Structure formats: structure tokens, C-alpha cells
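Trainee: I would like to take a close look at a single part of this protein, and then see how the rest is arranged. Could you walk me through it in one connected answer?

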Amino acid sequence: MTQDAFLARRIVRLIEGAKINVTTEAASHQAIARILRDSGIDVSCEVRLSAKDRVDLMAGTIAIEVKTGHRRRDILRQIQRYAKIDGVSEVILATAIAFPKSITDLSGKRLHIASLSRGWL
């Protein structure tokens, strides 16, 4: 397992172990960024990946997209674009909606799904 894959799994565990406010995506972004920083992970917010794409959070080369709503098809299209960018090594989708865990690969990059609801269980 690469160092980025290990970090991505750690980030997923941190997100799923926390009670994330999902009332708005902005609240979720802020909560996740705080959790990651408090855990010693350097994270940047609203990172421009291309002229068309801006990811919610970046931890090194790991793109983290937060979705509390939206259609799965639209989300998939968006994170597929991120995966095609050279500076992205792994993609994490932090979501409050059901998303198929069978999708694990995006253009050769690993997709990790983090449930925003799990911490509340």
C-alpha cells in the first residue's frame, strides 16, 4: 500500500468516527478540515485543480469532495474529472447519501467512500 493510500484510509476513518454536521456542505467542509488539522494532517480548502474544477479539500495529493446531497450521477462525473488530474493520487468522497461501494477505481486512481452519517450511529 502506498503512503497516499494509507493516509486516505486514515482520513476515511477519522471522518467516519466523527459526528459531522451535515446540515450544509459548508458546515461539513469546516468540520472535516478541523478534524484533519486536529489530527496533524495538513489540509487546504477549496483547491483549484483546473480551470473548471475546484475540490473541497486537499490533503497532499488526496482530493476530498464533500457531498450532503446531489444526484449520484452528477457526483460521479465530478469526481471522475478530479481523478484525471495528474496532481491527484487518491479521491475521497465524504457523503451523507448512499453511494455504491462497488466503484473503487476512477481512471486508475483509488476512490474511497467516507460516510458522513456513520459517526452518528
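What volume does the largest pocket have?

Mentor: Bearing in mind that this is a predicted model, the largest pocket has a volume of about 160 Å³. Its lining is made up of Arg9, Val12, Glu16, Lys101, Ile103, Thr104, Arg110, Leu111, His112 and Ile113. Two elements, α1 and β6 (109-115), each give two or more residues to that lining, and β6 gives the most, with four residues.

From the pocket we can turn to helix α2, which covers residues 25-38 and, with its 14 residues, reaches 20 Å from its first C-alpha to its last, close to the 20 Å expected at 1.5 Å a residue. Just after α2 comes Gly40, whose phi is positive, at about 85 degrees. The buried residues of the helix are Glu25, Ala27, Ser28, His29, Ala31, Ile32, Ala33, Ile35 and Leu36, and these pack against α1 (3-16) as well as against the strands β1 (44-48), β2 (54-59), β3 (62-67) and β4 (90-95).

In soluble globular proteins, nonpolar side chains tend to be buried together. Here the largest nonpolar core has 22 residues, and those with the most contacts inside it are Ile11, Ile32, Ile64 and Ile92. At least two residues of this core are supplied by each of α1, α2, β2, β3 and β4, while the largest share, five residues, comes from α2. Apart from this core lies another, of 17 residues, and among them are Val47, Val55, Ala63 and Phe99. Ile64 shows how such contacts are spread along the chain: leaving aside neighbours within four places in sequence, Ile64 is in contact with Ile11, Leu36, Val55, Asp56, Leu57, Ala59 and Ile92.

A polar residue deserves attention as well, namely Lys67, whose place is in strand β3. Lys67 counts as buried because its relative accessibility is 8%, where the cut-off for buried is under 20%. The side chain of Lys67 is joined to that of Glu65 by a polar contact of 3.4 Å, and to that of Gln78 by a polar contact of 3.0 Å. If residues up to four places away in sequence are not counted, Lys67 touches Glu25, Ile75, Gln78, Leu93, Ala94, Thr95, Ala96 and Leu116. Glu25, one of the residues on that list, is also one of the buried residues of α2.

Technical notes:
Residues numbered from 1 in each chain as written. Predicted model: local features only at pLDDT ≥ 70, side-chain atom pairs only at ≥ 80, totals over all residues. Heavy atoms only, no water. Expected span 1.5 Å × (residues − 1). Buried < 20%, exposed > 50% of the residue type's maximum accessible area, 1.4 Å probe, protein only. Contact = heavy atoms within 4.5 Å. Core = buried A, V, L, I, M, F, W, Y, C linked by side-chain atoms within 4.5 Å. Polar contact = N/O pair within 3.5 Å; in protein donor to acceptor, adjacent residues only side chain to side chain. 1 Å grid on protein atoms, 1.4 Å probe; cavity = no way out; pocket = protein on both sides within 12 Å on 5 of 7 lines; lining within 4 Å. Points joined across faces, edges and corners; volume = space filled by probe spheres on them.
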